[in-house]
Amino acid sequence: TDLARIRNFSIVAHIDHGKSTLADRLIQETNTVALRDMKEQMLDSMDIERERGITIKANTVRIDFIAADGLTYVLNLIDTPGHVDFAYEVSRSMRAVEGSLLVVDSTQGVEAQTLANVYQAIDADHEIVPVLNKIDLPASEPDRVREQIEDVIGIDASDALLVSAKTGQGIRETLQAVVDRLPAPRGDIDAPLKAMLVDSWYDSYLGVIVLVRIIDGRLKKGDRVRFMSNNTTHHVDRIGVFRPPMTEIDELGPGEIGFLTASIKQVRDTRVGDTITHEKRGTDKALPGFKPSQPVVFCGLFPVDSALFEDLRDAIDKLALNDASFSFEVESSAALGFGFRCGFLGLLHLEVIRDRIEREYDIDLITTAPSVVYHIHMRDGTMTELHNPADMPDLTHVDHLEEPRIKATILVPDDYLGDVLKLCQDRRGIQMDLTYAGPRAMVVYDLPLNEVVFDFYDRLKSVTKGYASFDYQMIGYREDALVKMSVLVNDEPVDALSMMVHRDRAEARGRAMVEKLKELIPRHMFKIPIQAAIGGKVIARETLSAMRKDVTAKCYGGDATRKKKLLEKQKAGKKKMRQFGKVEIPQSAFINALKMD
Ligand code: GTP
């Protein structure tokens with residue numbers, strides 16, 4: 001295709017502002033797929049994404065649009081994820097396109113993820129076209145939102161498009177604006193092949209599918225190519241584009257976006273940001289590489305039924321095939337037996353993986369306390385990374401500990417500002433900035449990531465009744481007074497509940513933990529002490545008193561079926577229990593004990 005008739009773009013938006021609906025509309029308008037093939041939210045291909053209404057895997061679609069000049073343009077839309085955990089995926093797909101539609105819900109205005117994503121687009125030198133969506137709603141305030149975009153983001157919004165992705169209003173105008181206002185890609189078809197590896201994922205029929213953006217040269221079916229980062233060579237057996245269904249073509253030229261398959265077995269063998277060139281007469285200049293995504297949150301996943309360990313291994317292997325950012329290794333715990341220590345990009349990523357294992361592979365899991373990666377500086381001058389509080393070395397060898405910090409940006413209506421500041425302060429935050437954008441405040445905090453991984457987002461939503469939006473980025477490591485807190489139930493340490501905490505918070509955290517556990521652990525026939533300790537020192541203690549009667553006693557004998565039902569229920573509950581010494585702890589206790597109020 002003639003370069004002048006290609007436009008490559010992405011859509012950036014805060015969650016729920018209508019990105020997927022708009023993408024569907026753009027596809028529909030150009031008749032890329034017949035209406036009957038149009039599934040709801042076509043770009044979100046996985047069930048779990050649909051259920052949670054979030055987009056995880058970057059996807060792409062090629063649409064043909066006949067513009068006002070009567071010529072047909074090829075528009076390549078790359079879909080980007082909207083959630084904080086996937087910021088890295090956003091940044092890499094941004095590098096493959098020249099412009100962005102900035103979608104803002106005109107009944108809401110700019111939110112934290114709008115900012116985070118639009119800054120990434122600006123970083124990638126994008127031309128940005130603001131789109132005010134949901135103008136069909138009575139609460140729509142396009143003038144106010146236009147002004148807000150100019151004030152907060154600092155880009156011209158005077159010719160922002162007025163769109164309803166729901167009714168279709170402004171959709172043609174949006175496509176025309178993509179053609180008129182976004183630059184065409186540049187590239188040299190006669191130069192040696194240079195293609196950017198944008199994304200890759202595993203498909204059970206085709207193996208690894210590699211999404212590429214051609215910078216220079218041309219890529220043909222049957223070519224032998226070299227991945228420059230690891231110097232591996234492959235035979236390209238398929239080339240194609242997504243319309244959205246996969247459609248094979250023979251060749252991709254400069255400026256084009258499409259996929260290739262080359263009998264690659266694992267996603268791990270493909271590095272995002274890598275340069276692909278021809279094996280012979282290839283380029284010698286690789287594109288500037290991207291940083292690989294690093295897991296920042298770790299936790300242990302153990303099967304409730306320890307006989308299912310091999311099944312769990314199988315499930316994890318399969319999930320990892322398609323997710324290079326998810327790491328794992330076998331872990332054995334005194335209390336929980338064999339399981340895996342897994343690394344995630346963030347809490348949502350953790351939740352998504354855990355849910356998929358439970359649902360798609362039908363394995364009930366115990367999830368241990370999520371932990372961030374600490375840097376332990378030893379007295380001998382060496383540094384090690386701590387992924388698991390259970391591996392904390394002997395303190396006599398430790399000089400000091402450093403923890404990861406984040407820069408958190410929160411947008412919140414004025415009324416809730418006080419609660420938000422208190423929450424951040426309670427989580428050891430340091431205020432960096434506080435500004436106003438209309439009736440909303442924008443607060444920026446420097447926060448320890450370990451205070452955010454538990455339930456910060458849930459708390460933020462609850463204190464602001466859902467009106468706050470939140471985004472973060474890592475800013476580095478800083479020394480602080482951190483200690484390992486252990487939990488003992490009936491004098492047995494439960495390693496799955498041990499965690500790193502700040503020394504000043506340890507006692508409060510320990511107290512909250514033992515009080516919670518006292519409620520969460522069912523009574524037994526004997527008394528059970530529940531303790532939190534640092535080293536050998538107990539910092540909080542509760543005692544769960546012994547049970548006197550069995551559960552059926554309260555049925556007053558009479559009703560036999562009711563009694564039977566109750567016993568069955570109790571038995572079913574048992575399956576979700578774990579034995580610790582003589583004590584049975586329900587699976588839910590592990591999760592709930594870690595939530596703080
Ligand atoms: P993520 O995929 O989670 O990032 O969300 P999204 O930005 O893709 O939002 P989505 O397209 O799922 O839309 C969110 C909600 O807004 C859905 O319930 C849509 O039906 C609704 N919606 C989207 N566009 C419009 C619009 O123009 N008008 C109205 N009234 N509702 C809309």
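This passage describes selected strands, cores, loops and annotated positions of a predicted model.

The sheet architecture is treated first. Eight strands make up an open sheet. Their order is β11-β10-β16-β7-β8-β15-β12-β13, and the pairing is antiparallel. The edges are formed by β11 (232–235) and β13 (246–248), each of which pairs on one side only. On average, neighbouring strands of this sheet are turned by 40 degrees against each other, direction ignored. Within the sheet, strand β8 (residues 207–216) pairs with strand β15 (residues 257–261). The two are antiparallel and share five bridges. One residue pair can be located exactly: I209 has T261 of β15 as its bridge partner.

A further set of pairings involves strand β24. This strand spans residues 398–413, and 14 of its 16 residues are buried. The strand is therefore largely enclosed by the rest of the structure. Three antiparallel pairings of β24 were examined. With strand β22 (residues 374–378), β24 forms four bridges in the antiparallel sense. Here M378 has V398 of β24 as its bridge partner. With strand β26 (residues 440–448), β24 pairs over nine bridges, again antiparallel. In this pairing, T409 stands opposite V444 of β26. With strand β27 (residues 469–479), β24 pairs over ten bridges, also in the antiparallel sense. The bridge partner of L411 in β27 is S469.

Nonpolar packing was considered next. The largest nonpolar core holds 82 residues. Of these, I357, I410, V412, F456, I585 and F590 touch the most other members. A second, separate core contains 27 residues, including L22, V163, V179 and L182. The surroundings of V412 can be given in detail. Beyond residues up to four places away in sequence, V412 touches L417, V420, P439, R440, A441, V443, T464, Y467 and A468.

I357, named above among the residues of the largest core with the most contacts to other members, also takes part in a contact with helix α7. L319 is found in this helix, which covers residues 309–321. L319 has a relative accessible area of 6%, so the residue is buried. Its contacts, leaving aside neighbours within four places in sequence, are F326, I353, R356, I357 and Y361. L319 and I357 are 38 residues apart along the chain, yet their C-alpha atoms are separated by 8.5 Å.

Several loop residues have distinct local features. Most residues other than glycine have a negative phi. R281 departs from this sign, with a positive phi near 55 degrees. R281 is in the loop between β16 (275–278) and β17 (297–303). Its relative accessibility is 75%, so R281 counts as exposed. D362 also has a positive phi, near 55 degrees. The loop that holds D362 runs between α8 (347–360) and β20 (365–367). D362 is exposed because its relative accessible area is 64%, where exposure requires over 50%.

S498 is a loop residue in a buried setting. The loop in question lies between β29 (492–493) and β30 (499–502). With a relative accessible area of 6%, S498 is buried. A polar atom of the S498 side chain lies 2.9 Å from the backbone oxygen of D495. Contacts of S498 outside its neighbours within four places in sequence are A369, P389, A390, K484, M485 and S486.

The annotated positions are considered last. An unreviewed UniProt entry lists a "binding site" at D16, H17, G18, K19, S20, T21, N133, K134, I135 and D136. Two of these positions were located in the model. K19 lies in helix α1, which covers residues 19–29. S20 lies in helix α1 too. K19 has a relative accessibility of 9% and so counts as buried. S20 has a relative accessibility of 11%, which means that S20 also counts as buried. Both values fall under the 20% cut-off for burial.

How values were computed. Residues numbered from 1 in each chain as written. Predicted model: local features only at pLDDT ≥ 70, side-chain atom pairs only at ≥ 80, totals over all residues. Heavy atoms only, no water. UniProt positions renumbered as here; feature names shortened; annotations may be inferred. Buried < 20%, exposed > 50% of the residue type's maximum accessible area, 1.4 Å probe, protein only. Core = buried A, V, L, I, M, F, W, Y, C linked by side-chain atoms within 4.5 Å. Contact = heavy atoms within 4.5 Å. Polar contact = N/O pair within 3.5 Å; in protein donor to acceptor, adjacent residues only side chain to side chain. Pairing = 2+ DSSP bridges. Axes fitted to C-alpha atoms, helices over the stretch in contact; angles between N-to-C directions.
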